[in-house]
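Good morning, colleagues. Please look at the structure on the screen while I take you through two of its features.

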Amino acid sequence: MSLSRRDFVNRSTVLGAGVLIAGSAEVLATAPGAIAAPAGGDAAVAKGGHTAVGYGELVSDPKGLLALPKGFSYEVVTHSGRTTLVTGETTPSNHDGTAAFEGRHGATLLVNNHELAGPRANWPHPVPLLEGHVYDPAAAGGCTVVEVSGHGDGHGHGDGHDHGRGDDHDRGHGHGRRQVREWVGIAGTATNCAGGATPWGTWLTCEETEDKAGTNGFTKDHGYVFEVDPHDQDANRNPQPIKALGRFAHEAVVIDERRGHAYLTEDAAKPNGLFYRWTPPAGFRHGRGRLRTLAADAGVLEALKAFDSRGKLVDDLSRATKPGTTYGADWVKVQDRDARTTSIRKQFKDGEITRARKLEGMWWGDNGIYFVSSFAREESPLPHDGQVWFYDPARRTLTLKVILGVNDEIWTDQGNFDGPDNITVSPHGGLIIAEDGNGLQHLFGTTSDGRTYALARNELNNGTAQEPEFSEFTGVTFSPDGRTLFANIQEPGIMLAITGPWHRM
């Protein structure tokens, strides 16, 4: 039974304001490198994101690509401009959101977004315009499907790595332990950032843009969600936007496995973006390809309106500064979901909805939705360097699980993690999060009791020795068997397969 606004306020009054209403995911409480809420005390900033938990210290990579704990190894799966598709073109650049699906004969199928914005001519390695799979020929983005067969041994070597195939492997010819094939799933979309896997085995790719036809030479409107089937390339022909899910700067989407709702994050500013829920129309049944058959106004698209234990509107999620802070959730209907004249987030007045800065990665787990607000600065009421929230759809409650303090030590491993982005629930416990912050960039984990640890560090310097620049991690996702963690370095665009003694946590 859902928790109503009145029930939430009454229960909070009895139990005490701000109390955590326990649900199915009550474990991520405090974290080193986070603003924590010690028992009986006020919120405080704890320094140091790298702790004794996890898999140990990171070992620098002699190839200058990926630092991992001892005993872990990686292989390069795809590399923009170097590896090739089955049709002969080079792998597109700017890898972003990714999900893994079980393929035939033990293979893993990965749908990989390519976040390419603006005119197609700006990009040396756009998604190839595969005939029949193009939405807008003027746009550079889209998705590729990567089929990976075989397994790494996961044992590493003395330096902590088994570099396996390396950057110069000949994909498709069987060098190294993994066989890799890559093809276009969808082309001619723009700024494909994150997305989400569906319970029926497809990928929903999200365009993080509001560009209309005529902008950047585009021939069609953008800012939509598209479905990509990794198992059936023919199912991806004649791509159609799922207009029922709205047109805005989409980041990620999650389908409620039990109720059929879709939840969506918006990465936008001036004003800050919104957290959305789409309710399917009566009688609608989910399944492969069915979302694209819906009318543009099918179902109901709504924006979050959170309220505290006193029933007061929470205007921005940055207001929460203690893990365990729990809000109730109401939903306000979107009037013009296709944003013909006004962006959806601008259709609401202050006091009508709840905003948040850089609502990004999202993943289903523990019968609810984990989602991220990447950071908050002067455009938000209170600053932070990242929040992880959990929405419980059964109770209609929103709980802050982790909040990262502002990171002032961006070039050392002693600083806090900052800028959480793509996120996944680990089959080995806790969460794995891709960092898109300042300075050093990591994959970091959160244990079941809320502590954080470094899992990997990007050592590929895209800048200079005097002014180093390290690209963000993206597309973190486990293989269906849980043995391999796939992750991307967004620029230039490298997909990695990481194996190791996951049981050693």
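By class, the residues lining the largest cavity divide into 7 nonpolar and 6 polar, with no charged residues among them. I should state at once that this is a predicted model. The cavity in question holds about 90 Å³ of space. Of its 13 lining residues, those closest to the centre are Ala194, Met362, Trp363, Asn422 and Ile423.

Which elements give two or more residues to this lining? They are strand 6 (95-102), strand 10 (192-197), strand 18 (359-365), strand 22 (420-425) and strand 26 (473-478). Strand 18 provides the largest share, with 3 residues. As for the structure as a whole, a search finds 6 cavities of 30 Å³ or more.

Let me turn now to a sheet, in which strand 22 appears again. Here 6 strands form an open sheet, and their order is 3-4-25-24-23-22. The pairing is antiparallel. Why is one side of strand 3 (58-59) and of strand 22 left without a neighbour in the sheet? Both stand at the edges and have a single partner strand each, so one side of each has no neighbour there.

Within this order, strand 25 is followed by strand 24. Strand 24 covers residues 442-446 and strand 25 covers residues 452-458. These two strands pair in the antiparallel sense over 5 bridges. To locate the pairing on the screen, please find His442, which stands opposite Arg457 in strand 25.

To close, strand 22 links the two topics: this strand gives residues to the lining of the largest cavity, and it also stands at an edge of the open sheet. Thank you for your attention.

Methods: Residues are numbered from 1 along each chain as its sequence is written. This is a predicted model: local features need pLDDT of at least 70, side-chain atom pairs count only at pLDDT 80 or more; totals for chains, interfaces and linings use all residues. Side-chain values use heavy atoms; hydrogens and water are left out. On a 1 Å grid over the protein atoms alone, a cavity is a set of points where a 1.4 Å probe fits but cannot get out, and a pocket is an open set with protein on both sides within 12 Å along at least five of seven lines; lining residues have an atom within 4 Å of a point. Grid points are joined across faces, edges and corners, and a volume is the space filled by probe spheres set on the points. Helices (H or I, at least four residues) and strands (E, at least two) are DSSP runs, numbered from the N terminus. Ala, Val, Leu, Ile, Met, Phe, Trp, Tyr, Cys and Pro count as nonpolar, Asp, Glu, Lys and Arg as charged, and the others, Gly among them, as polar. Two strands pair if DSSP finds at least two bridges between them.
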